[in-house]
Amino acid sequence: MKLEDGTGTGLVAAVDSNNHLEVSSTTSSESHFIALKKAQTYIWTSSYSTSTGDEIIYIKNTSKDKVLVIDKVTVNSVLTGLFELCVVTGTPSGTSITGANTNLTSGNVAAATALGDAAVTGVTSALRIDMARVPAAGRATMELNDVLILGFNDAITITYTGSTGITDTIITGYYLDN
């Protein structure tokens with residue numbers, strides 16, 4: 001038996017003697033699929049010598065027609081510290097950073113206001129979403145598994161509490177149509 005694709009290309013699918021369709025599949029993450037098919041997955045990074053209580057990175061979705069899904073946050077610290085992922089309000093100021101499109105064949109730019117590589121000021125934490133304690137010279141990942149969704153003008157920060165020292169933050173996210 002042959003099962004034709006119905007588009008006139010002549011492609012067919014195999015069906016065994018028990019009328020079972022023979023198939024194979026590949027599983028990939030949503031962020032991988034969005035990067036490959038829509039070129040809308042981005043990584044924001046921030047690295048500097050921070051003081052305790054600093055907001056060390058800020059991301060705000062400025063797209064009116066897409067949500068920004070935060071997949072994961074990775075933090076590193078030279079010294080022991082606590083990193084808190086928070087939803088924030090306010091008018092931020094700081095050093096602009098650019099989200100890197102993970103599909104290097106694309107010229108798409110993230111619809112976001114992003115600040116980092118220095119302290120972010122002017123924001124107030126409204127809700128803590130996640131946190132990670134990192135030992136000296138340690139690394140932690142907040143696996144959000146695509147559940148943190150930022151609508152238009154929603155914003156997040158990472159707040160660092162600990163001794164003054166170098167911190168690194170990596171935020172991965174992608175855009176989906178509303």
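Here are some worked exercises on this structure, which is a predicted model.

**Exercise 1: The main core**

Task: Find which residues have the most contacts inside the largest nonpolar core, and which element gives the most to this core.

Solution:
- Step 1. Start with the core itself: 27 residues make up the largest nonpolar core.
- Step 2. Pick out the residues with the most contacts inside this core, and you get Trp-44, Ile-70, Val-73, Ile-158 and Ile-171.
- Step 3. Now go by element. Two or more residues each come from β3 (41–50), β4 (55–61), β5 (66–77), β6 (81–93), β8 (112–134), β9 (138–150), β10 (155–162) and β11 (165–177).
- Step 4. Of these, β9 gives the most, with 5 residues.
- Step 5. Zoom in on Ile-70. Leaving aside neighbours within four places in sequence, Ile-70 is in contact with Leu-144, Asp-146, Val-147, Leu-148, Leu-150, Ile-156, Ile-171, Thr-172 and Gly-173.
- Step 6. Don't stop at one core: a second, separate core has 7 residues, including Cys-86, Val-120, Val-123 and Ala-155.

**Exercise 2: The faces of α1**

Task: Work out which residues of helix α1 are buried and what they pack against.

Solution:
- Step 1. Helix α1 covers residues 30–38, and its buried residues are Ser-31, Ile-34 and Ala-35.
- Step 2. Look down the helix axis: the buried residues of α1 fall within an arc of 100°, so they line one face of the helix.
- Step 3. Ask what that side sits on: the buried residues of α1 pack against β3, β5 and β11.
- Step 4. Flip to the face turned away from the buried side, and there you find the exposed residues Leu-36 and Lys-37.
- Step 5. Carry on past the helix. Ala-39 follows α1 and has a positive phi, near 55°.
- Step 6. Gln-40 then sits in the loop between α1 and β3. At 14% relative accessibility, Gln-40 is buried.
- Step 7. Check what Gln-40 touches, not counting residues up to four places away in sequence: Ile-34, Ala-35, Lys-66, Asn-108, Gly-173, Tyr-174 and Tyr-175.

**Exercise 3: The salt bridges**

Task: Find how many salt bridges the structure holds, then say where the residues of each pair lie.

Solution:
- Step 1. The count is 2 salt bridges.
- Step 2. In one of them, the side chains of Asp-177 and Lys-66 meet at 2.7 Å, N to O. Asp-177 is in strand β11 and Lys-66 in strand β5, so this pair ties together parts 111 residues apart in sequence.
- Step 3. Compare how open the partners are. Asp-177 is exposed at 51% relative accessibility, while Lys-66 is partly exposed at 24%.
- Step 4. Arg-128 and Glu-84 also form a salt bridge, with their closest N and O atoms 2.7 Å apart. Here Arg-128 belongs to strand β8 and Glu-84 to strand β6, so parts 44 residues apart in sequence are tied together.
- Step 5. Do the accessibility check again: Arg-128 is partly exposed at 46%, whereas Glu-84 is buried at 15%.

**Exercise 4: Positive phi values**

Task: Locate Asp-117 and Ala-137, both non-glycine residues with a positive phi, and decide how exposed each one is.

Solution:
- Step 1. Phi of Asp-117 is near 60°, and phi of Ala-137 is near 55°.
- Step 2. Place them: Asp-117 is in strand β8, whereas Ala-137 is in the loop between β8 and β9.
- Step 3. Read off the exposure. Asp-117 has a relative accessible area of 39%, so it is partly exposed. Ala-137 reaches 71%, which means it is exposed.

**Exercise 5: A patch and a strand residue**

Task: Name the residues of the nonpolar surface patch, then list what Ala-118 touches.

Solution:
- Step 1. Val-78, Leu-79 and Ile-166 make a nonpolar surface patch of about 220 Å².
- Step 2. Take Val-78, which lies in the loop between β5 and β6. At 46% relative accessibility, Val-78 is partly exposed.
- Step 3. Move to Ala-118 in strand β8. Its relative accessibility is 21%, and the cut-off for buried is under 20%, so Ala-118 counts as partly exposed.
- Step 4. Not counting residues up to four places away in sequence, Ala-118 touches Tyr-48, Glu-55, Ile-56 and Thr-95.
- Step 5. Finish with a distance: the C-alpha atoms of Ala-118 and Trp-44 are 14 Å apart, and the two residues are 74 residues apart along the chain.

Methods
Residues numbered from 1 in each chain as written. Predicted model: local features only at pLDDT ≥ 70, side-chain atom pairs only at ≥ 80, totals over all residues. Heavy atoms only, no water. Core = buried A, V, L, I, M, F, W, Y, C linked by side-chain atoms within 4.5 Å. Buried < 20%, exposed > 50% of the residue type's maximum accessible area, 1.4 Å probe, protein only. Helix = DSSP H or I, 4+ residues; strand = E, 2+ residues; numbered from the N terminus. Contact = heavy atoms within 4.5 Å. Arc of directions from axis to C-beta. Patch = residues over 30% accessible without salt bridge, like charges linked within 9 Å, V, L, I, M, F, W, Y side chains within 5 Å. Areas by Shrake-Rupley, 256 points an atom, 1.4 Å probe, with all protein chains shown as cover. Salt bridge = Lys/Arg side-chain N within 4 Å of Asp/Glu carboxyl O.
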